[in-house]
Amino acid sequence: MSFLTPYQESIKIPPEPNEIEVCIFGAGFGEGILIHVGNNEWIVVDSCRFSGINGPAALHYLQTLNIETTHAVKLIVATHWDDDHIRGISEIVKACGSAKIAMSAAINDKKFIKLVVDSPLSKAVSLRQRANTGISEFNQIFHHLKSQSKHIDYALNNKMLWKSESLNSTDIVSLSPNSQIFEKAIQSIISQIPQGNVPVGSIKAPKPNYTSVVLWVRAGEERILLGADLEESSHYKGWSILLEDKMFIDKKSNLYKVAHHGSKTGEHSGIWTDLLTENPLCIIAPWTLGGNLLPTPDDIQRTVSRTDNLYLAHQFSESTPSTSKEKHVKRALERIKAKPLLKEFGMVRLRKKFNETEWKSECFGSAIKVNI
Amino acid sequence: MESQANKYSIPLHLNENSSNGPSNSIYRKGFAKNFLKEAGMERDSVQTTPIVSFPQEEVIHHRNLNKNTQGVSHSLILDEWEGCITDVKEDTFIAKLYKQTQSESDLEIIEGEFEIRSVPEQDRHLIKEGVLFYWMIGREVKETTQIIHGDTIIFRRMPSWKGFDINNSSAITDEFFNALSGKY
């Protein structure tokens with residue numbers, strides 16, 4: 001299976017050198033972003049896979065466009081290690097040999113590195129592969145980078161991650177995390193490590209998500225805000241701290257990847273007043289787990305009160321697992337009320353020439369524009 | 001004295017519509033025993049207590065179970081998933097389930113809700129967020145041509161964290177830390 005259907009041949013047409021492109025992939029349980037900043041220079045932010053498609057979504061899409069990834073991808077950012085953002089990113093790192101690799105500075109800590117490369121979990125290969133996607137992907141990236149004598153660019157607030165002068169002046173800047181939370185983040189991870197012989201086989205990223213890397217893209221006259229999964233809670237003011245210190249932001253953005261799947265916890269009024277133009281173009285990658293669904297109808301209402309241009313990279317629909325048709329298997333799956341988490345392909349693609357004012361939007365697969 | 005069958009006692013959901021499968025305890029235990037034997041699992045590998053050392057972590061390989069065993073009782077695994085408990089409620093627990101497959105394009109992840117009573121009492125203390133298990137759906141064909149369908153949960157071996165001190169760095173950790181920071 002591939003992205004292509006008879007009605008979507010246009011997906012194969014690559015952007016022109018003077019075109020900026022933003023793609024957001026949504027798998028229902030997964031999010032990935034790909035940006036063309038002009039002149040065949042690409043940025044990958046996070047990764048997801050689709051059911052029935054080989055390889056990570058971003059890599060598959062670039063191959064569909066016939067883009068040679070080794071040199072074209074300039075920067076890969078893992079905003080955090082939740083498994084809905086990280087699945088397949090090690091494969092992207094290996095396929096994009098000249099790209100810089102950036103991750104949250106919150107994990108630049110020997111304790112985290114020990115967990116990933118020298119802990120009981122890191123040695124339990126089969127445990128890592130499925131239930132610990134974040135640790136598994138980081139383990140593979142760390143080994144690959146070390147073998148290639150490459151290092152990680154650790155992202156924190158107001159740090160230039162990548163700069164290009166090839167066509168348009170392009171900067172990719174991280175706006176978070178703030179160093180105030182690093183110790184708290186590591187403690188959150190350590191607290192999950194069991195004492196003695198308690199049988200825990202899965203370690204998760206800190207919650208709420210205060211280590212996520214929010215990105216600011218400055219390409220020519222364009223400004224793009226990628227909110228990652230940064231949250232704001234009563235105990236940690238993720239967005240508040242970011243908004244207090246935003247030295248790289250010279251003008252407001254008219255394109256926003258809404259933080260944390262459009263949820264209330266990813267919301268802060270200052271995002272809309274200080275960082276975004278009026279009526280910006282907004283994109284959300286929906287998420288589902290444990291019977292919860294993001295964005296909720298309230299989240300969508302709240303977002304459309306801010307913008308007329310909201311796109312969802314995936315629209316949920318009732319579906320059953322596409323597994324074996326054997327009737328006894330189906331009965332067992334019905335009994336546990338099985339719901340597929342990894343779903344079919346959905347992608348929103350936004351393009352414009354650098355001298356144009358309007359973005360051209362296209363929805364592929366299960367992606368939709370929200371009708372107001 | 002504990003019987004051999006009891007050693008292998010695994011909870012089993014029998015389909016009410018299973019052909020001829022009497023849902024008494026003898027058949028339940030027999031099913032599970034055959035099921036595990038066919039899966040290549042020795043008693044040690046289904047222990048629910050954590051193992052002590054590595055590298056004993058394993059993936060169970062049982063891809064060729066559909067052999068001709070005419071006249072002999074045998075089991076066939078129809079579908080197999082690896083689960084990770086994500087939430088525990090009063091009577092149920094929620095798990096993310098990853099289909100056991102060799103092909104990346106067949107990658108399939110689902111979410112399911114299991115009744116806690118489907119887990120034997122002696123294993124219920126293991127039902128905690130982050131714990132891993134196998135969920136296997138299969139059938140047993142008896143030599144009398146009876147066919148019993150069912151599924152079973154087997155908790156996975158877990159790495160032993162005993163003696164692991166994350167605060168004490170190691171040579172490997174230092175090597176990676178320096179390399180990834182660009183300090184070669």
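I began with helix α13 (residues 327–335) of chain A, where I found His328(A), Ala332(A) and Leu333(A) buried (20 or more other C-beta atoms within 10 Å of a residue's own, against 12 or fewer for exposed, with C-beta atoms placed from the backbone). Looking down the axis of α13(A), I saw that its buried residues fall within an arc of 140°, so they line one face of the helix; the arc is that of the directions from the helix axis to the C-beta atoms. On the other side of α13(A), I noted Lys327(A) and Glu334(A) as exposed.

This is a predicted model, in which local features need pLDDT of at least 70 and side-chain atom pairs count only at pLDDT 80 or more, while totals for chains, interfaces and linings use all residues. Residues are numbered from 1 along each chain as its sequence is written, and chains are lettered from A and ligands numbered from 1 in the order in which they are written.

I then looked up the partners of α13(A): its buried residues pack against β2 (74–88), β5 and β6 (147–155) of chain B (contact requires C-beta atoms, placed from the backbone, within 7 Å; helices are DSSP runs of H or I with at least four residues, and strands runs of E with at least two, numbered from the N terminus). After α13(A) comes Lys337(A), with a positive phi near 55°.

Turning to the largest nonpolar core, I recorded 133 residues, with Ile24(A), Ile76(A) and Ala313(A) having the most contacts inside it (a set of buried Ala, Val, Leu, Ile, Met, Phe, Trp, Tyr and Cys residues joined through C-beta atoms within 7 Å). Strand β5 (residues 132–141) of chain B gives the largest share of this core, six residues.

Note on methods:
Contact = placed C-beta atoms within 7 Å.
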